Amino acid sequence: MQALVDYGFFYVINHGIDDALMKSVYAESASFFQQPMEEKMALHKNSSHRGYIPPDFEGFEADAGGKGDLLECFHIGSGVDGDSKNPVNQWPPAERFPYWKETMKSYYQCAMGTSKRILSLIALSLDLDAEFFKPDGSETILRPIHYSGRAIESKHGSDHGANAHTDYGMLTLLSTDGTPGLQICRDKDGRPQLWEDVHHIDGALVVNIGDLLERWTNNVYRSTLHRVLMVGKERYSVSILTNC
Ligand SMILES: O=C(O)CCC(=O)C(=O)O
Ligand SMILES: [Fe+2]
């Protein structure tokens with residue numbers, strides 16, 4: 001658990017997420033993002049923040065100074081089963097995307113299981129009951145992300161795929177296609193800020209602590225500033241953010 005004190009980021013192997021499922025998530029994600037903008041905008045995020053978020057739309061942290069991230073992404077929240085309490089998720093049309101919903105739903109459920117197991121281990125590492133941080137999943141967001149790799153003229157002065165931010169929730173699980181770009185800054189108040197690359201390890205997930213868990217642990221485990229640079233290459237990633 002020293003990595004959580006020093007970095008707030010660590011790698012997990014043997015995470016229980018099947019390679020074939022992971023590949024399907026990437027294939028479905030690519031088929032959605034490759035569509036023309038007007039098709040994607042038909043699922044523009046709704047008032048519950050579920051759906052498609054285009055490039056240069058918004059920064060998701062105050063640190064970004066309101067600059068838009070150059071990534072495009074799609075937010076899927078709890079209620080993946082379409083239960084009536086949560087009718088807010090949006091899904092691409094089943095005629096053209098017959099496997100999209102099922103694939104995302106499977107990944108959501110599998111990755112939630114992994115997040116819960118990691119949160120149990122984190123609780124045990126603090127001499128707490130294994131169930132101490134048990135998330136109810138009501139605020140979890142699954143986020144397939146696409147970085148186009150092309151230069152985008154930003155209306156908001158943004159030059160990063162994802163501007164420097166911390167994740168605001170408990171725990172984030174991140175998978176990437178191996179294209180570089182992700183960096184962390186361990187001392188956000190240091191000047192100049194020192195950015196370190198997060199190297200890709202085949203088959204491993206990158207896991208990081210969010211602001212909420214940093215607070216729960218009285219700043220012992222760190223919610224570390226991170227960003228994604230545009231490296232001139234297309235990049236896909238998938239994050240799942242367990243917020244409470
Ligand atoms: O795409 C990445 O590598 C990072 C994504 C990220 O930081 C996030 O979803 O919060
Ligand atoms: Fe993040």
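Begin by selecting helix α2, residues 19-33, in this predicted model. With the helix highlighted, turn the view until you can see what it covers: helix α2 lies across β2, β3, β4 (141-147), β6 (171-176) and β11 (235-242), and its direction is at about 110° to that of β11.

Next, select helix α4, which spans residues 100-125. This helix lies across β1, β3, β4, β6, β9 (205-209) and β11, and if you compare its direction with that of β6 you will find an angle of about 130°.

Now hide both helices and look at the strands themselves. Which order do the seven strands of this open sheet follow? Reading across the sheet, the order is β1-β9-β6-β11-β4-β3-β2, and the pairing is antiparallel. At the edges you will find β1 (9-12) and β2 (51-53), each of which pairs on one side only. As you step from one strand to the next, the twist averages 20°.

Stay at the β2 edge and add strand β3, residues 72-75, to your selection. These two strands pair in the antiparallel sense over three bridges, and if you label Gly 51, you can look across to His 75 in β3, which stands opposite Gly 51.

Move on to the other sheet by selecting β5, β10, β7 and β8, which form an open sheet of four strands in the order β5-β10-β7-β8, again with antiparallel pairing. Here β5 and β8 (196-197) stand at the edges, and because each has a single partner strand, one side of each is left without a neighbour in the sheet. Within this sheet, strand β7 (residues 182-185) pairs with β10 in the antiparallel sense over four bridges; to see one such pairing, select Cys 185 and find Leu 225, its bridge partner in β10.

Finish at the iron ion (ligand 2), and ask which residues coordinate it. Show side chains for His 165, Asp 167 and His 226, since these are the residues to look at here: the iron ion is coordinated by NE2 of His 165, OD of Asp 167 and NE2 of His 226, at 2.1 to 2.2 Å. Along the chain, the donors follow the spacing H-x1-D-x58-H. The two histidines link distant parts of the chain, with His 165 in strand β5 (residues 160-165) and His 226 in strand β10 (residues 225-229), 61 residues apart.

Are these two histidines buried or exposed? His 165 is buried, because its relative accessible area of 6% falls under 20%, and His 226, with a relative accessible area of 5%, is buried as well.

Definitions and conventions: Residues numbered from 1 in each chain as written. Chains lettered and ligands numbered in written order. Predicted model: local features only at pLDDT ≥ 70, side-chain atom pairs only at ≥ 80, totals over all residues. Heavy atoms only, no water. Donors = N, O, S within 2.8 Å, 3.2 Å for Na, K, Ca; no water. Buried < 20%, exposed > 50% of the residue type's maximum accessible area, 1.4 Å probe, protein only. Pairing = 2+ DSSP bridges. Axes fitted to C-alpha atoms, helices over the stretch in contact; angles between N-to-C directions. Contact = heavy atoms within 4.5 Å.
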